[in-house]
Amino acid sequence: MCIRDRGYIYPKKVRPVRDLLRRRSKLVQQHTSLLHSVQNLMARNRGRSLSANAIKRLTYEEVNRLLPDADLALAVNGNLAVMRTLEGVIDLLEKAVRGRIRLHPAFKLLLTVSGIGEILGMWNYLIYSILRI
């Protein structure tokens, strides 16, 4: 069995962008995992959960006030610090991808669909470039 029978090899000029989009996807998954971890920890120890937006807005002082146990507060603050770092790296990757790919005019319509932004449109651009070949 030859590799051509089972997979697609991206053109060389598209591979770096594909890799950036894959890395971004992995970082978004890690960010979401940390967010869920904080939500669960807060729900278990406070008896009620916080929304994702409320958790993203938490300051270190608020965490210390909401969780009087120093070890729990440290765990949450650590997760929040990593989440904020990941948000910065995700933004950098998105800017890099935007600078390397221009969306095909046909994909401008995709951006009108709720939940589809430029990054998802760029994934579609890569798929479109595969299907054209």
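## Starting at arginine 24

Let's start with one residue: arginine 24 sits in helix α2, which covers residues 15-46. Keep in mind that what you're looking at is a predicted model.

Is arginine 24 buried or exposed? Arginine 24 counts as buried because its relative accessible area is 18%, and the cut-off for buried is under 20%. As for what surrounds arginine 24, set aside its neighbours within four places in sequence and the contacts are Ile90, Leu93, Glu94 and Ile119.

## Leucine 20, on the same helix

Helix α2 is also home to leucine 20. Which residues does leucine 20 touch, not counting those up to four places away in sequence? They are Leu93, Ala96, Val97 and Arg100. Leu93 turns up again here, having already appeared as a contact of arginine 24.

Leucine 20 also makes a nice pair with glutamate 94: 74 residues separate them in sequence, yet from C-alpha to C-alpha they are 8.3 Å apart in space.

## The whole chain

Now zoom out. The protein chain has six helices and zero strands, so if you read along the sequence you get the pattern α-α-α-α-α-α. Of its 133 residues, 31% are buried.

Contacts across the sequence are part of the picture too. Take the contacts between residues at least 6 apart in sequence: 59% of them join residues at least 24 apart. On the outside, the chain's accessible surface comes to about 8900 Å², and carbon and sulfur atoms account for 55% of that.

## Nonpolar cores

In soluble globular proteins, nonpolar side chains tend to be buried together. Here, the largest nonpolar core has 19 residues, and the members touching the most other members are Met42, Ile55, Val63, Leu67, Val76, Leu80 and Met83. At least two residues of this core come from each of α2, α3 (52-57) and α5 (70-100). Which helix gives the largest share? That's α5, with seven residues.

Methionine 42 is a good one to click on. Leaving out residues up to four places away in sequence, methionine 42 touches Gly47, Arg48, Leu50, Leu58, Leu66, Leu67 and Val76. Two of those, Leu67 and Val76, are also on the list of core members with the most partners.

Apart from the largest core lies another one, made of six residues, including Val17, Leu21, Ile101 and Met122.

Technical notes: Residues are numbered from 1 along each chain as its sequence is written. This is a predicted model: local features need pLDDT of at least 70, side-chain atom pairs count only at pLDDT 80 or more; totals for chains, interfaces and linings use all residues. Side-chain values use heavy atoms; hydrogens and water are left out. Helices (H or I, at least four residues) and strands (E, at least two) are DSSP runs, numbered from the N terminus. Buried means under 20% relative accessible area, exposed over 50%, partly exposed in between (1.4 Å probe, protein chains only). Contact means heavy atoms within 4.5 Å. Accessible areas come from the Shrake-Rupley method with a 1.4 Å probe; for residues, only the protein chains shown count as cover. A nonpolar core is a set of buried Ala, Val, Leu, Ile, Met, Phe, Trp, Tyr and Cys residues joined through side-chain atoms within 4.5 Å.
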